[in-house]
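Good morning. Please have the sequence and the model open while I talk. I will take one helix, then one chain, then the place where the chains meet.

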Amino acid sequence: MTDTTGVATDPGADSPLFNLIEGFVVELRTAGLPVSLVENIDAAQAVRHIPIEDRAAFKYALAATLVKNNAHWKTFETLFEVYFSLRGNEYALDPDGDDPFGEGDFEDGENPDGPPGQGGEGGGEGLSPEELAELLYQALMKGDQALMRALAKQAVKRYAGMEPGRPVGGTYYLYRTLRNLDLDGMLERLMDQSREDAGDDMSSLDERLQKDEYEHRLEELRKEIEAEIRRRLVADRGAEAMAKTLRKPLPEDVDFMHASRDEMANLRRAIYPLTRKLAVRLARKRRHGRKGPLDFRNTVRHSLSYGGVPAEPKFRYPRPSKPEIIVIADISGSVAAFARFTLHLVYAISSQFSKVRAFVFIDGLDEVTRFFEGVDDIAEAVHRVNTEADVVWVDGHSDYGHAFEVFWENFGKEVGPKSTVLVLGDARNNYHASQAWIMKEIQHRARKLFWLNPEPKAYWNTGDSIVGEYGAHCDGVFEVRNLRQLEGFVDNLV
Amino acid sequence: MAHRFESVEAVRKSLGEVEYLADDGIAGIAYLADRLDKPVLIEGPAGTGKTQLAKSVAEMLGARLIRLQCYEGLDESKALYEWNYKKQLLRIQTEKTDDVDWDNIQDDIFSNEFLLTRPLLEAISADDPVVLLIDEVDRVEVETEALLLEILSDYQVSIPELGTLEAKQIPLVFLTSNNTRELSEALKRRCLFLHLDYPEMEREKEIVLTKVPDITENLADQVARIVRSIRQLELKKAPSVSETIDWARTLILLGIDQITEQDAVETANVLLKYRSDIEKVVKEFSTNSSAHFEAVGS
């Protein structure tokens with residue numbers, strides 16, 4: 001439908017629903033999702049056909065019109081849950097149906113319960129923590145979703161110790177709740193039980209499957225708890241304020257140096273499709289980029305069909321020379337993640353280079369090219385680099401100067417006019433000698449020398465960072481803090 | 001125009017009748033595509049039923065499926081239309097003797113008679129109900145995508161010599177993408193977006209039950225569970241739904257009704273297509289008893 005005036009002339013344009021969508025789109029945009037005007041209009045059109053009461057369908061309708069990149073789905077979902085959490089009946093704070101404890105609603109909780117675990121006046125009376133744990137165990141065993149949801153509510157109420165207006169984030173409450181529930185112990189107990197049930201003939205395959213099943217259920221429980229905490233926070237602070245605290249960067253914008261464990265896992269997942277896309281794009285660029293020199297023989301041969309007139313000039317296939325890449329990466333704690341991703345990316349597209357050699361250092365330097373040779377699984381190789389490479393010389397604190405010295409002594413001769421050298425690191429040298437002359441020598445000999453720094457530009461040359469001193473001899477110093485920047489750099493490199 | 005679908009629920013049910021088990025998202029989007037007259041862009045890993053969705057919708061509506069397979073180097077003359085120049089030449093030659101002036105001939109040779117329709121134009125000009133499937137749209141170059149824009153947003157094709165041909169009826173359009181490259185904003189903006197991921201375990205079990213007729217409930221359950229566990233590993237290529245079905249069929253042929261560890265290892269090559277993946281799975285599934293409880297998920 002291209003009728004863009006449809007919404008404006010629609011009698012329902014001023015309806016609360018329309019305003020709701022409008023507000024939601026603003027939230028999405030603030031979170032960094034690119035939502036165009038047309039998509040906004042589409043969403044407004046779509047919800048006219050889908051009743052808001054059918055929450056799942058409503059969510060998918062909005063997603064289909066507003067989110068056009070699967071990497072953004074998670075952000076969308078979280079925002080959706082927050083923004084629409086108190087709108088829609090079955091998700092109201094206190095549904096009548098599936099609550100076996102008849103607990104009071106959140107208003108009760110405003111008179112803060114006693115210390116968690118005492119069963120306070122808030123509801124679930126007469127249920128000791130042990131009984132709660134037992135019920136939870138039963139629910140997990142049977143996979144009883146309704147009971148699990150109710151118990152999640154109960155657990156949050158009891159253990160999270162939420163107080164209205166208290167300025168802490170949801171993760172704090174989540175942590176408190178989970179600590180009290182001891183889910184790891186729960187999993188062990190469940191597994192023990194099923195092992196007992198099965199007797200001796202439980203194969204390791206069965207066991208594995210059973211464990212995956214329980215883990216899946218526990219994950220669902222965790223999600224329920226998270227959702228419950230979110231609902232309560234929204235009730236306390238309002239959706240707009242809540243959405244603000246939830247604004248998380250998109251995977252491609254996550255800072256390498258400050259990524260949490262979850263974000264790291266997301267990054268690792270993101271890197272594979274990224275490298276694939278990059279490889280395809282680069283291969284195409286190679287083929288289509290430019291034409292080679294005139295192919296005289298071929299042109300003459302084709303001229304025969306035009307009576308000897310060379311009407312159709314033929315060109316040779318372009319064979320641009322592939323650069324040789326030498327990566328020198330700092331893998332000390334602070335920048336290890338960055339080095340890992342860059343190595344991964346460079347090796348994943350190594351077919352675009354004639355040769356890739358990798359060196360890693362902390363205060364000593366080791367060549368790690370051997371780990372990548374003939375290996376299918378790059379992630380595995382990167383892992384080996386981190387565990388097996390011999391990079392500690394004295395104390396395991398970064399010493400760029402010494403590492404460069406070792407490189408120059410042993411491998412300096414191998415830097416030639418075809419090599420592009422990439423140095424990865426924050427150039428925080430712990431006040432050792434910089435030995436910047438080596439950079440100068442390398443630049444002299446190599447085709448290009450680039451420095452990639454995972455620190456924000458503002459921190460460069462502060463404290464013990466001497467990136468400026470090295471950078472003076474580089475062909476380029478780039479800030480590479482996230483996947484997006486890394487991808488951009490590699491794209492230009494080839 | 002009359003709508004094709006009654007409600008989301010109805011879509012899901014009729015898709016079920018042609019053996020496509022849709023979840024909420026899939027049925028919802030098919031419904032919206034009809035109501036909003038918008039094309040649907042389906043993205044996701046290989047083998048999750050992207051193409052099948054379009055086929056099933058066509059089957060369910062009793063509509064003709066017109067398929068445009070995309071590839072690098074696809075151009076206007078393969079996707080939209082082409083002038084049948086040989087016929088045009090013939091026409092000019094036969095007219096030579098008569099006293100017909102050039103204007104007439106020109107009008108004549110650039111008419112419908114000399115137009116070769118290609119999939120996109122055919123979908124637009126069809127009288128009967130059609131479903132247009134543009135398969136693997138990520139394979140064409142970015143510049144070629146532009147060919148699709150006019151038809152996707154306005155359901156029309158402009159031919160300089162003939163003018164603009166508008167659709168007699170608006171077809172349902174599905175585009176699929178394996179996501180080997182980012183599609184242009186312009187294309188995405190015009191479409192509803194559906195990401196088809198591997199199905200939940202329950203749904204996969206249902207799919208296996210529908211597609212593999214002789215399978216027992218128990219075996220289907222086991223198959224779905226094992227596949228779910230395998231997908232949680234970091235693999236080069238996780239098993240797709242079609243591979244799950246193949247695997248279930250293999251097991252049936254081998255007369256297995258309770259999968260043991262050894263069966264799983266021996267038939268893993270049906271599910272997995274990389275040697276390193278197979279090794280990883282075999283390792284993972286046979287040594288796990290020693291490495292029990294690492295921290296859960298988190």
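G143(A), which comes just after α7(A), takes a positive phi of about 70°. This is a predicted model, and that angle is a computed value like the others I will give.

Now the helix before that glycine. Helix α7 of chain A covers residues 129-142, which is 14 residues. At 1.5 Å a residue they should span 20 Å, and the end C-alpha atoms are 20 Å apart, so expectation and model agree.

Which residues of α7(A) are buried? They are L132(A), L135(A), L136(A), A139(A) and L140(A). These residues sit on the same side of α7(A), because the arc they cover around the axis is only 135°. The general background is that an α-helix has 3.6 residues a turn, so residues three or four places apart point the same way.

On the other side of α7(A) the exposed residues are E130(A), E131(A), E134(A), Q138(A) and K142(A). As for what covers the buried residues of α7(A), the list includes α8 (145-159), α10 (183-198) and α11 (204-237) of chain A.

Next, chain B. Its mean pLDDT is 84, and 93% of the residues of chain B reach 70 or more. Over residues 288-298 of chain B, however, the pLDDT is below 50. That stretch still has 15 contacts in the model beyond near neighbours in sequence. Where pLDDT is low, the predicted coordinates should not be read in detail.

The domain assignment splits chain B into domain 1 (8-77 + 122-195), domain 2 (81-117) and domain 3 (201-285). Between the C-alpha centres of domain 1 and domain 2 of chain B there are 34 Å. Their contact takes 6 residues from domain 1 of chain B and 4 residues from domain 2 of chain B. On the domain 1 side, the residues divide into 2 nonpolar, 2 polar and 2 charged.

Last, the two chains together. The model scores ipTM 0.81 and pTM 0.70. How many residues of chain B are in contact with chain A? The count is 41 residues of chain B, in contact with 42 residues of chain A. Several elements of chain B each supply at least two residues of its side, among them α8 (142-154), β9 (192-195) and α11 (217-232). The largest share, 7 residues, comes from α2(B). By class, the chain B side has 13 nonpolar, 14 polar and 14 charged residues.

That is the end of my part.

Definitions and conventions:
Residues are numbered from 1 along each chain as its sequence is written. Chains are lettered from A and ligands numbered from 1 in the order in which they are written. This is a predicted model: local features need pLDDT of at least 70, side-chain atom pairs count only at pLDDT 80 or more; totals for chains, interfaces and linings use all residues. Helices (H or I, at least four residues) and strands (E, at least two) are DSSP runs, numbered from the N terminus. The expected span of a helix is 1.5 Å times one less than its number of residues. A residue is buried if 20 or more other C-beta atoms lie within 10 Å of its own, exposed if 12 or fewer, and partly exposed in between; C-beta atoms are placed from the backbone. The arc is that of the directions from the helix axis to the C-beta atoms. Two residues are in contact if their C-beta atoms, placed from the backbone, lie within 7 Å. pLDDT is the predictor's confidence in each residue, from 0 to 100. Domain bounds come from an automatic or database domain assignment. Ala, Val, Leu, Ile, Met, Phe, Trp, Tyr, Cys and Pro count as nonpolar, Asp, Glu, Lys and Arg as charged, and the others, Gly among them, as polar.
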